[in-house]
Amino acid sequence: MEGDGSGMQPSPEEEAEAQRKNCIFCHIISGQVQSKRIYEDESCVGILDINPANPGHVLLLPREHHAIMPQMADPDVRHLFVAAKAISASLLKALGAEGTDIFVANGTTAGQKAPHVMIHIIPRKKGDGIAAFDAKPKKAAPAELAAIAARLRPHAYRMMGKEPPAEKALGEAASPVPPQPTTMDAEFTEEKDTSDGMDGKDRKDGKGDDATVGLDDIAKVLFR
Ligand SMILES: [Zn+2]
């Protein structure tokens, strides 16, 4: 490899340096700008959001400047989410949160406010009035779902370094799956028909009479 360090055109290093100079979160990470740190290690820094959605709202930042998550190296993404998991557990234990919202906004269209990757970890309590992810579920025709899946799937496999499976194999794999609720339905539907898609034989907990598990229940199980 030639040209790293002393080239005439700006190297990726130099471009990154220029971005860092204008990035408030890089200044926070370097310590030039004050923050309340709740965790840091060799590759990430967790701080309290100064305008929290709830008390204890954490911003978890990779030390390395990247504008959006897809630009990050895989090991750094992995580490960041492992740290997010630990901070989420800490919010439940230390602050009595009953759940957490964990999200990343990639791009201003998605609500990103500053061009430095961050994971928001927001402690939640019943009745806190936050609609952190208040997308209204929309109807989607099966043909539309199929068209979107066909377009998206090959990219997803290739981005993971795999060859997409053949159409026939996909059709066979997809057909036995019953209609699924959207993520939003799954999260916010309080009373779920337990006969729908869950026949009991795959359960690991052996309880069997109620498939509805709320965040409170999970927190109780894990943090007694
Ligand atoms: Zn930055």
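This is a short walk through one predicted protein model, from its overall layout down to a few single residues.

Okay, let's start with how far to trust what's on the screen. Since this is a predicted model, the confidence score comes up first. The mean pLDDT of the protein is 79, and 71% of its residues reach 70 or more. There are two stretches to be careful with. Over residues 1-6 the pLDDT stays under 50, and the model has one contact beyond four places in sequence for them. Residues 183-224 also stay under 50, and there the model has 25 such contacts beyond four places in sequence. Where pLDDT is low, the predicted coordinates should not be read in detail. I'll leave those stretches alone.

Now the layout. What do we have in terms of helices and strands? Seven helices and five strands. If you read along the sequence, the pattern goes α-α-β-β-β-α-β-β-α-α-α-α. Of the 224 residues, 14% are buried. And if you take the contacts with a separation of 6 or more, 54% of them are between residues 24 or more positions apart.

On to the sheet. The five strands make an open sheet, in the order β1-β2-β3-β5-β4, with antiparallel pairing. Which strands sit at the edges? Those are β1, residues 37-40, and β4, residues 99-103, and each pairs on one side only. From one strand to the next, the twist averages 20 degrees.

Let's go across the sheet. At the β1 end, β1 and β2 run antiparallel and are joined by three bridges. One pair to look for there is Arg-37, whose bridge partner in β2 is Ile-47. A hairpin of three residues takes you from β1 to β2.

Further over, β3, residues 58-62, pairs with β5, residues 119-124, over three bridges, again antiparallel. Val-58 has Ile-121 of β5 as its bridge partner, and Leu-60 stands opposite Ile-119 in β5. On the other side, β4 and β5 pair over five bridges in the antiparallel sense. There you can find Phe-103 standing opposite His-120 in β5.

So is β5 enclosed or open? Five of its six residues are buried, so β5 is largely enclosed by the rest of the structure.

That brings us to the core. In soluble globular proteins, nonpolar side chains tend to be buried together. Here, the largest nonpolar core has 22 residues, and the ones with the most contacts inside it are Leu-60, Leu-61, Ala-84, Ile-87, Met-118 and Ile-121. At least two residues each come from α2, β2, β3, α3 and β5. Which element gives the most? Helix α3, with six residues.

Take Leu-60 as a way in. Leaving aside neighbours within four places in sequence, Leu-60 is in contact with Cys-44 and Gly-46, then Leu-80, Ala-83, Ala-84 and Ile-87, and also Met-118, Ile-119 and Ile-121.

Helix α3 deserves its own moment. It runs over residues 74-94, which is 21 residues, and reaches 30 Å from its first C-alpha to its last, close to the 30 Å expected. The buried residues in α3 are Leu-80, Ala-83, Ala-84, Ile-87, Ser-88, Leu-91 and Leu-92. Have a look at the spacing in that list, keeping one thing in mind. An α-helix has 3.6 residues a turn, so residues three or four places apart point the same way.

For contrast, Lys-85 lies in α3 too. Why does Lys-85 count as partly exposed? Because it has 13 other C-beta atoms within 10 Å, and a buried residue needs 20 or more. The C-alpha atoms of Lys-85 and Ile-102 are 9.0 Å apart, with their positions 17 residues apart along the chain. And just after α3, Gly-96 takes a positive phi of about 70 degrees.

Last stop, Cys-23. You'll find Cys-23 in the loop between α1, residues 12-21, and α2, residues 24-30. Cys-23 is partly exposed, because 18 other C-beta atoms lie within 10 Å. What does Cys-23 touch, beyond its neighbours within four places in sequence? His-65, Pro-115 and His-116. Cys-23 and His-116 are 93 residues apart along the chain, yet their C-alpha atoms are separated by 7.2 Å.

Definitions and conventions:
Residues are numbered from 1 along each chain as its sequence is written. This is a predicted model: local features need pLDDT of at least 70, side-chain atom pairs count only at pLDDT 80 or more; totals for chains, interfaces and linings use all residues. Helices (H or I, at least four residues) and strands (E, at least two) are DSSP runs, numbered from the N terminus. The expected span of a helix is 1.5 Å times one less than its number of residues. A residue is buried if 20 or more other C-beta atoms lie within 10 Å of its own, exposed if 12 or fewer, and partly exposed in between; C-beta atoms are placed from the backbone. Two residues are in contact if their C-beta atoms, placed from the backbone, lie within 7 Å. Two strands pair if DSSP finds at least two bridges between them. Axes are lines fitted to C-alpha atoms, for helices over the stretch in contact, and angles run from 0 to 180 degrees between N-to-C directions. pLDDT is the predictor's confidence in each residue, from 0 to 100. A nonpolar core is a set of buried Ala, Val, Leu, Ile, Met, Phe, Trp, Tyr and Cys residues joined through C-beta atoms within 7 Å.
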